[in-house]
Structure formats: structure tokens, C-alpha cells
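Good morning, and thank you for coming. I should like to take you through one protein model, going from its overall layout to a few individual residues.

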Amino acid sequence: MEQAKTVSITYVDPDGDEKTVDAEIGQNLLNVAHENNVELEGACGGELACSTCHLIFEEEIFKTLPEMEEDEEDMLDLAFEVTDTSRLGCQILVREDFEGMKVRRYSIPARRCYELDVSCSPFDDAKGPNT
């Protein structure tokens, strides 16, 4: 059986730490992150019902991405730290020209984690520090 073609992608966390992974062509960036133990929330499981897989792309790559659908725009309207090159990882499929790409994760503020009922640092659960 032939092995799937992969490219090297680097996820950069909010502190600037980098993790380079092999990403299978055609897979979305949320799933790539999860399969490689990259911390990227994806609270809705990639169903385009949240903005927790928000990624920030380099300008050169962003310009080549498929046009954003209205549903994705609506979800990004709810995201923190949105930039002109923000997209949702669940909506972006890995391509061959992503080889060597760096993509930046953002950090969900703790209060927003509580509102979304998702687990985020620095808390061990979604209830917050006073439970």
C-alpha cells in the first residue's frame, strides 16, 4: 500500500514555541494538529460551529487559500485576536505548496473558555479557579 504524501508544517504557539509536523495532503489543519499533539482546541470537532481552531497564516499563504465561506466568516467574528490573515483550521485542507509553512495559534482567554465550556490553561477543567 502506498504511503500518503505529506508536507512539513510548523505550528507556532502564542509564546513563540514551534512544533513541526508531517501533514497529510488533503487533511484539514485541525485534524493534523490533533494527530500530532498540537494544542488546538477545535471544541466543535470541526463542524464549523465555533472559532476555537482559529489560525493565523503568513500573508503569502493566506493569499492562496480558497475564498472564505460566509459560515466561516460568521465564526471568525466571534474569535479573539482575529487578523487579516485569520482562518479556521477545520476549513483549510493541506496542499503540497504548504511545504515549510508556519501557522500561528492564538490563545483563548480563560474567561472565554469558561463561556464556551471548554478546557483551557491555566485551569484543569472548564469551571474556572473558584469551583
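**Layout, core and salt bridges**

Read from the start of the sequence to its end, the protein follows the pattern β-β-α-β-α-α-β-β-α. That comes to 4 helices and 5 strands. Please bear in mind that this is a predicted model. Its average pLDDT is 84, and 80% of the residues score at least 70. The stretch to treat with reserve is residues 118-131, where the pLDDT is below 50. That stretch nevertheless has 22 contacts in the model beyond near neighbours in sequence. Where pLDDT is low, predicted coordinates should not be read in detail.

Some overall figures come next. Of the 131 residues in the protein, 40% are buried. The protein exposes about 7,800 Å², and carbon and sulfur atoms supply 42% of that area. Taking contacts between residues at least 6 apart in sequence, 58% join residues at least 24 apart.

Let us turn to the interior. Which residues of the largest nonpolar core touch the most other members? They are I9, Y11, L29, F57, V94, F98 and M101, in a core of 27 residues. At least two core residues come from each of β1 (6-12), β2 (18-24), α1 (29-35), β3 (54-57), α3 (70-76) and β5 (101-105). Helix α1 gives the largest share, with 4 residues.

Y11 deserves a closer look. Setting aside residues up to four places away in sequence, Y11 touches D17, E18, K19, V21, L29, V32, A33, V38 and V103. Another residue to consider is T10, in strand β1. Is T10 buried or exposed? Its relative accessibility is 7%, so T10 counts as buried. Beyond its neighbours within four places in sequence, T10 is in contact with E18, K19, T20, M101, K102 and V103.

Elsewhere, helix α3 contains M75, which is buried at a relative accessible area of 16%. Leaving out residues up to four places away, M75 touches L48, A49, C50, S51 and L88. For one of these, C50, the separation is 25 residues in sequence, while the C-alpha to C-alpha distance is 5.8 Å.

I come now to the charged pairs. How many salt bridges does the structure hold? There are 4, and I shall discuss some of them.

One joins the side chains of D13 and R105, with an N to O distance of 4.0 Å. This pair links distant parts of the chain, since D13 sits in the loop between β1 and β2 and R105 in strand β5, 92 residues apart. Both partners fall under the 20% limit for burial: D13 has a relative accessibility of 16%, and R105 has 12%.

In another salt bridge, the closest N and O atoms of K102 and E18 are 2.9 Å apart. K102 belongs to strand β5 and E18 to strand β2, so the pair ties together parts that are 84 residues apart in sequence. Here K102 is partly exposed at 35%, and E18 is partly exposed at 47%.

A further salt bridge is formed by the side chains of R95 and D97, at 2.8 Å from N to O. R95 counts as partly exposed, with 23% relative accessibility, and D97 is partly exposed as well, with a relative accessible area of 43%.

To close, I would return to the pair D13 and R105, both of them buried, and to the partly exposed pair K102 and E18. Thank you for your attention.

Conventions. Residues are numbered from 1 along each chain as its sequence is written. Side-chain values use heavy atoms; hydrogens and water are left out. pLDDT is the predictor's confidence in each residue, from 0 to 100. Contact means heavy atoms within 4.5 Å. A nonpolar core is a set of buried Ala, Val, Leu, Ile, Met, Phe, Trp, Tyr and Cys residues joined through side-chain atoms within 4.5 Å. Buried means under 20% relative accessible area, exposed over 50%, partly exposed in between (1.4 Å probe, protein chains only). Accessible areas come from the Shrake-Rupley method with a 1.4 Å probe; for residues, only the protein chains shown count as cover.
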